[in-house]
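Trainee: Please take a close look with me at one part of this structure, and then follow the account outward from there. I would like the terms explained as they come up.

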Amino acid sequence: MFFTAISTVAITLFIVGFFLIIIYDIQGILTSIKSQVELAVYLKDNTTQEFKDYLENEIKSWDEVSEVIYISKEQALERFKKENEGSEILKEIQGNPLPASFEIRLSNPEKVEQVALRFMTREGEFVEGIDDVIFGQNYVQKLFSITAITGSIAFLIIIMLLMAAIVLIFNTIRLSIHARRKEIEVMKLVGATNWFVRIPFIFEGFFEGFIGSLISVVLLYFMSNYLLIRGEKAIIDTLHVKDLTILGPNNIILYIYAGIVVLGGLIGILSSGFALKRYIRV
Amino acid sequence: MNMIELRNVTKIYEDKTVALKNINLSIKKGEFVFIVGPSGSGKSTIIKILIKEIPVSGGAVFISGRNICNLKTSRVPQLRRNIGSVFQDFKLLPNKTAFENIAFALEVIGKPSYVIKIQVPQVLKLVGLEHKMHSYPHQLSAGEQQRVSIARAFVNRPPILLADEPTGNLDPATSEGIMKLLSRINLIGTTVAMATHDKNIVNSMRRRVVELEDGEIIRDQKRGVYGV
């Protein structure tokens, strides 16, 4: 019975931990994509330096804006050349057809539309001196709704997994107590106090929870070090996402390990405490 | 002095069965009382009420002059340490030897091990099983198992011993041995109340008989027999 309870704790909490890592990573990817949302404001070629300075100060004064970078015509051409190195297209270019622009990053990416609208007049045209504003309208809206939905689905999955884990562990511990109900009955009959009966079972529950959760942490550790860490490396290389469970700067994985051990111990104690209630009332 | 006293005790179970109706019963210190009656007459209910396994629905129960109906849950173990109980199914732990089963009863009430080492062999000698100390329940006959369970009930020298059909699973010859044992325990001064429907035992012992029928006392007779 002891080993059944331990393996139940180990397996269920391992699944909870595994999903926590995956879900945290997915959320990390989505938020990082979200924070990469930016506006590009293209200026007309004939704008003056004063207009450029005025516009830059104006944009910087907006609360939603976290960063403004000015890209001059020359810088734009540089960048274009770099990005298309060795391509035929460079031979076709004569002079500098690229416009100067402001690249704006937002502290609050959800406000991207509102910010974009400030470059428009009431008639729906761009403000004098501005050629175009680009921020991938449809894509941004979809992205926000996707992150919102995945966030709540992830939360639901974790809650459901946790509940399943708790119910499973509780039932296993209750069965192991049920198997010893005769012992409890005799103890009560000969005048053992409730605490005398309870304490060994609560200790046992704690050990089952604690050892089971330690095993699940060890499993998770190997899982992350040999499997998940490769995925995260790939995510960092391709998407430049920083906030990840294992490789991220916040050591989230350690919190997950600690959380699982605390949770295991607690579930063990509470399960045996609650399960005993029925048998102790003799 | 009344060791056990039931005043107007009524017990109605949750399924509305009336197990006891207005029972008045006094048992003096050192008495030996048979509680007889057909199945379902309320014999076991009285035993369960006395060890506070179940609460009464009405009335009051006194053990050594103390009302146990308003006893706090935390005081129930103390009550049970003063009442030994013996059952038809022995209630021995199968994975413990005779010695360990009895020692267990002392351990759970916090007796130190040197006391246990002295008291357990003594009580096993009293029930005539000192040579089977290290046998497990399945290695013992039913009669021997019941002796172990009596030894466990008595090892703490409680002033009261309750027995619920202790001979229910035993043949007549073995039952006689058990009754001799209970008589001996009674002779030492222990108040013994035994629920039974074993006619021969009651008739041969000629002790006080309280007869129950449908939850009511219909006869209370000194030196009585099973049926009228």
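Mentor: In chain B, helices α3(B) and α4(B) pass each other in a right-handed crossing, the near helix being turned clockwise from the far one by less than a right angle, where an anticlockwise turn would be left-handed. This is a predicted model, in which local features need pLDDT of at least 70 and side-chain atom pairs count only at pLDDT 80 or more, while totals for chains, interfaces and linings use all residues. Residues are numbered from 1 along each chain as its sequence is written, chains are lettered from A and ligands numbered from 1 in the order in which they are written, and side-chain values use heavy atoms, with hydrogens and water left out. The helices (H or I, at least four residues) and strands (E, at least two) are DSSP runs, numbered from the N terminus.

The axes of α3(B) and α4(B) come within 10 Å and cross at roughly 130°, where axes are lines fitted to C-alpha atoms, for helices over the stretch in contact, and angles run from 0 to 180 degrees between N-to-C directions. That angle makes α3(B) oblique to α4(B) (under 35 degrees is roughly parallel, over 145 roughly antiparallel, 65 to 115 roughly perpendicular, and the rest oblique). On the α3(B) side, B:Phe99, B:Ile102, B:Ala103, B:Leu106 and B:Glu107 make the contact, and on the α4(B) side they meet B:Ile116, B:Gln119, B:Val120, B:Pro121, B:Val123 and B:Leu124, with contact meaning heavy atoms within 4.5 Å. By class, this contact has 9 nonpolar, 1 polar and 1 charged residues (Ala, Val, Leu, Ile, Met, Phe, Trp, Tyr, Cys and Pro are nonpolar, Asp, Glu, Lys and Arg charged, and the others, Gly among them, polar).

The helix α4 (113-126) is also one of the elements against which the buried residues of α6(B) pack, alongside β3 (32-36), α5 (142-154), β7 (160-164), β8 (191-196) and α7 (199-205) of chain B. The 16 residues of α6(B) (residues 172-187) should span 22 Å at 1.5 Å a residue, and the end C-alpha atoms are 22 Å apart, which agrees; the expected span is 1.5 Å times one less than the number of residues. The buried residues of α6(B) are B:Ser175, B:Gly177, B:Ile178, B:Met179, B:Leu181, B:Leu182, B:Ser183, B:Ile185 and B:Asn186, where buried means under 20% relative accessible area, exposed over 50% and partly exposed in between (1.4 Å probe, protein chains only). For B:Ser175 in particular, a relative accessibility of 1% is why this serine counts as buried; leaving aside residues up to four places away in sequence, B:Ser175 touches B:Thr167, B:Leu170, B:Asp198 and B:Ile201. Just after α6(B), B:Gly189 takes a positive phi of about 115°.

Positive phi values also occur in chain B at residues other than glycine. B:Lys91, with phi near 55°, lies in the loop between β6 (83-87) and α3 (98-107), and at 12% relative accessibility B:Lys91 counts as buried. B:Asp214, with phi near 50°, sits in the loop between β9 (208-213) and β10 (216-221), but at 52% relative accessibility B:Asp214 counts as exposed.

From the other chain, A:Val190, in the loop between α7 (181-189) and α8 of chain A, touches B:Arg81, B:Ala105, B:Val108, B:Ile109 and B:Arg152, again not counting residues up to four places away in sequence. At 16% relative accessibility A:Val190 counts as buried, and the C-alpha atoms of A:Val190 and A:Ser61, 129 residues apart along the chain, are separated by 80 Å.

Helix α8(A) takes part in two packings. Helix α1(A) (residues 2-35) and α8(A) (residues 194-239) pack at an angle of about 30° with their axes 7 Å apart, which makes the two roughly parallel; their crossing is right-handed, and their contact has 19 nonpolar, 7 polar and 4 charged residues. With α9(A) (residues 252-280), α8(A) packs at about 150°, the axes being 7 Å apart, and so the pair is roughly antiparallel. This crossing too is right-handed, and the contact has 16 nonpolar, 11 polar and 1 charged residues. Within α9(A) lies A:Val262, which at 53% relative accessibility counts as exposed; A:Val262 and A:Ile166 are 96 residues apart in sequence and 13 Å apart in space, C-alpha to C-alpha.
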